[in-house]
Amino acid sequence: MAKSFGRPGNEIHVLRNVDLEVADGELLVLLGPSGCGKTTLLRSLVGLERPDAGRIHIGGSCVLDTARGVFVQPNRRDVGMVFQNYALWPHMRVRKNVAYPLQSRGNKAALKDGRVEEVLDIVQCGHLADRYPPELSGGQQQRVSLARALAPRPALLLLDEPLSNLDALLRVELRAQLRLLHRELGFTAVHVTHDQEEAIALGTRVAVMNAGRIEQVGDPIEVYRAPATEYVADFLGARNRLELRAEDGGVALAGQRLPGLARDDLRGSFALRLRDEHLLVRPTGDDTSSPASHATTATATAWLADGRIVELLPGIETSECVVEIGDLRLFARIPTGAMDLRPGQSVEVGFAIDKARCYSQDHGRLVPDWADRTDRTHQVAGVSS
Ligand SMILES: Nc1ncnc2c1ncn2[C@@H]1O[C@H](COP(=O)(O)OP(=O)(O)OP(=O)(O)O)[C@@H](O)[C@H]1O
Ligand SMILES: [Mg+2]
């Protein structure tokens, strides 16, 4: 499926060749940076946008086929949508808001059978049926909006950042309820979020978008553990990037040759990606103290010298430590108070080799068995834990 906006010759290609299949009962989480086309994709599925090319099948029926001129109107599609800003009709009581999609589909039987009350009870808003949306809290409005989307039992439920307008506590509570609802009702959904915890907690699969394309789809934990491209790694929080050069059977990282780190199968330049919590910091020359990091299960640790702490941002459990090695800026998450660290201090920066992900420079793809082979072939200089 493809979609662009703007005049011919001056168009913005927002969706490029999106190819996605969502299985029955699946809750697919769609992730991606702002502007990558997530909302446009959902709006195309529900029928609020008209793609330029492609096909969409929902629950066995074709709702779009540009080659054959098929375009089914939104109210004739078996799709429910929940928007970030709730999008309830303010002048209609809650009951009427929820009844609306049943009425517009002419579903009199469901209306008579008390479907409106039933879905309002499911989202714990039965007692609010006679109120108007402006008389509800944000969390209540979002529950009502979910009830409205669920009422006609759509073949596909679309959720566009439904929790992002809520405060942190409510978000976690509603996330848990959504997960429970999905388990109990077994609906099929595509859920857009920016929140990685939400993605892991809710998704049966995740799809990461990049500039109108699906870059990777897979099991949430798998995608986090082994992002297929450097783009996905970066987007999912592995923001530390170390340039690696493999030459003469050895490896240089961030310009420093690591003695003992032998990789005679690699040639040329690569990039290592690491999450903050997998970076270690210790005062220069102090190779006896345990590294200030959570990553103590590491099989082997590589150390880089000549670091300097430029910033320490304290937190309750862990603190963010910003370190510079020359021009390179790295971020470590260290247990608060574990070491006496302060800005300006010289430090060494280490990382757990099996936590690093290695990407080829030319096309940014994962070098799959980097850690395995490295562990087998090297004796790391510095500390092994
Ligand atoms: N009606 C429109 N006319 C022109 N450009 C549009 C239109 N709708 C969206 N766009 C553009 O398409 C791109 C994708 O927008 P979209 O809303 O799908 O992004 P998104 O991934 O949902 O972002 P966010 O995370 O910020 O919600 C953006 O560059 C946006 O400016
Ligand atoms: Mg959006």
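## Exercises: a pocket and a ligand shell

Helix 1 (38-46) and strand 4 (55-58) each put at least two residues into the lining of the largest pocket. This is a predicted model, where local features need pLDDT of at least 70, side-chain atom pairs count only at pLDDT 80 or more, and totals for chains, interfaces and linings use all residues. Residues are numbered from 1 along each chain as its sequence is written.

**Exercise 1.** Describe the largest pocket and its lining.

*Solution.*
- Start with the terms. On a 1 Å grid over the protein atoms alone, a pocket is an open set of points where a 1.4 Å probe fits, with protein on both sides within 12 Å along at least five of seven lines; lining residues have an atom within 4 Å of a point.
- Next, the volume, meaning the space filled by probe spheres set on the points. It is about 630 Å³.
- Of the 21 lining residues, L20, E21, V22, I56 and H57 are the closest to the pocket centre.
- Strand 4 (strands are DSSP runs of E, at least two residues) gives the most to the lining, with four residues.
- Sort by class: eleven nonpolar, six polar and four charged residues. Here Asp, Glu, Lys and Arg count as charged, and Gly is among the polar ones.

**Exercise 2.** Find which residues surround ligand 1.

*Solution.*
- A residue is near if one of its heavy atoms lies within 4 Å.
- The shell includes F5, V14, P33, K38, E161 and H194.
- Helix 1 (helices are DSSP runs of H or I, at least four residues) supplies the largest share, three residues.
- By class, the shell has four nonpolar, six polar and two charged residues.

**Exercise 3.** Which distances link S34 and H194 to ligand 1?

*Solution.*
- A polar contact is a pair of N or O atoms within 3.5 Å.
- An N or O atom in the S34 side chain is 2.5 Å from a ligand 1 oxygen.
- For a polar side-chain atom of H194, the distance to an oxygen of ligand 1 is 3.0 Å.

Key:
Chains lettered and ligands numbered in written order. Heavy atoms only, no water. Polar contact = N/O pair within 3.5 Å; in protein donor to acceptor, adjacent residues only side chain to side chain.
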